[in-house]
Amino acid sequence: MLLPTAALLAATVAGCADGTTASRTASPGPGSGTAAGRRVPGDPQEALHLAEQLLIKKCMERRGYRYWVEERPAPGGASRFPYVVDDPAWAARHGYGTDLYRERQQEALRDPNQRYFRSMPADRAPELLSALNGPQPRGISARLPNGITVTHSDRGCVAEAERGLYKDLPAWFRATRVTDSLGGMRVNMVLTDRRYLAAVKPWARCMRAKGHPYPTPAEARAAATRPDQEWPHAREVRLASAEAACAGSGDLSAVAKSLDTAYRTELRRRHPGPTADLDRLRREALPRARAIVARGD
């Protein structure tokens, strides 16, 4: 996919005027210095990701640049628990996940691709980004269900790698962008569903009894994760642990999961083409991905 794990620096330089995702950078994975002798992951998504990364690396080196393979990013707290933190053990360790966010920020500072980018002379840095992401954000496009059209270059090493892996680059771009947007739609549909809102009320009463007067999980998370007012980790953990305990004492977690499943099915029914295309393109690309990883391309 055309999604970054540490794109802040690249986005600052390259911009994102078309409204699509920012330019891509990478972070090192195990054995990122050499492509040979890789074990083929059993997880299909891991195999597809690694194959794409190897193809990008090969393309960038062919163009005279270095590139380090990135690992698949782990989900953060907000994506792991979009409705309510309901895992007491995770909450006791990570709170809302700001510790993991800070770790990723530190990893970005050590990222070899970021260091390589920063070492470039100012007049060459845009050339590197162009080699990776293409010279202009045009060539492929997708119209999202909300009516917004997003675009990306059909040139550059990211596009070349995805074309080599999935063959039909325009279909891949449309399928990934539309299904990504459906994920956001699904979360919003759950959060505004009357059944979710009804289940939030006893959760809020439980939270008030514990000394945390937040009417919704979203407001509790927002209070603990304000970028301009960082909480001590222990305080964040106390709030998230209370949230998880209250989620477990009522039916909020069960209601949210049920609604999430129902709306996922509904959105797939309403938008069958992109979701079917994504499944098909991944299925067809998997043998190619495993061969690429086994060869060490």
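S130 is partly exposed in this predicted model. The relative accessible area of S130 is 25%, and a residue counts as buried only under 20% and as exposed only over 50%. S130 therefore falls in the class between the two. The residue is found in helix α7, which spans residues 125-133. Beyond its neighbours within four places in sequence, S130 is in contact with P135 and G156. G156 is 26 residues away from S130 along the chain. Even so, the C-alpha atoms of S130 and G156 are separated by 6.5 Å.

Other residues of α7 are buried. They are A125, L128, L129, A131, L132 and N133. Residues three or four places apart on an α-helix point the same way, because the helix has 3.6 residues a turn. Just after α7, G134 takes a positive phi of about 95°.

Helix α8 covers residues 157-166. The helix is mostly covered, with 7 of its 10 residues buried. These buried residues are C157, V158, A159, A161, E162, L165 and Y166. A charged residue, E162, is thus listed among them. The buried residues of α8 pack against four helices and a strand, namely α2, α7, α9, α14 and β2. Strand β2 runs over residues 149-153. K167 follows α8 and has a positive phi, near 70°.

Two of these partners, α2 and α9, also pack against α14. Two packed helices are described by the angle between their axes and the distance between the axes. Helix α2 (residues 44-62) meets helix α14 (residues 272-295) at an angle of about 60°, and their axes lie 8 Å apart. That angle makes α2 oblique to α14. The crossing of α2 past α14 is left-handed. On the α2 side, the contact is made by P44, Q45, A47, L48, L50, A51, L54 and L55. On the α14 side, it is made by R282, A285, L286, A289, R290, I292 and V293. By class, the contact of α2 with α14 has 12 nonpolar residues, 1 polar residue and 2 charged residues.

Helix α9 (residues 169-191) packs against α14 at an angle of about 125°. The axes of α9 and α14 are 8 Å apart. These two helices are therefore oblique to each other. Their crossing is left-handed. From α9, the residues A171, W172, A175, T176, V178, T179 and L182 take part. They meet P274, T275, D277, L278, L281 and R282 in α14. This contact divides into 8 nonpolar, 3 polar and 2 charged residues. R282 of α14 is listed in the contact with α9 and also in the contact with α2.

The protein chain as a whole holds 14 helices and 2 strands. Of its 297 residues, 46% are buried. Among contacts between residues at least 6 apart in sequence, 69% join residues at least 24 apart.

Confidence varies along the chain. The mean pLDDT is 87, and 86% of the residues score at least 70. Helix α10 (residues 194-209) has the highest confidence, at 98. Helix α1 (residues 8-14) has the lowest, at a mean of 31. Over residues 1-35 the pLDDT is below 50. In the model, this stretch has 99 contacts beyond near neighbours in sequence.

Technical notes
Residues are numbered from 1 along each chain as its sequence is written. This is a predicted model: local features need pLDDT of at least 70, side-chain atom pairs count only at pLDDT 80 or more; totals for chains, interfaces and linings use all residues. Side-chain values use heavy atoms; hydrogens and water are left out. Axes are lines fitted to C-alpha atoms, for helices over the stretch in contact, and angles run from 0 to 180 degrees between N-to-C directions. Angles under 35 degrees count as roughly parallel, over 145 as roughly antiparallel, 65 to 115 as roughly perpendicular and the rest as oblique. A crossing is left-handed if the near helix is turned anticlockwise from the far one by less than a right angle, and right-handed if clockwise. Contact means heavy atoms within 4.5 Å. pLDDT is the predictor's confidence in each residue, from 0 to 100. Buried means under 20% relative accessible area, exposed over 50%, partly exposed in between (1.4 Å probe, protein chains only).
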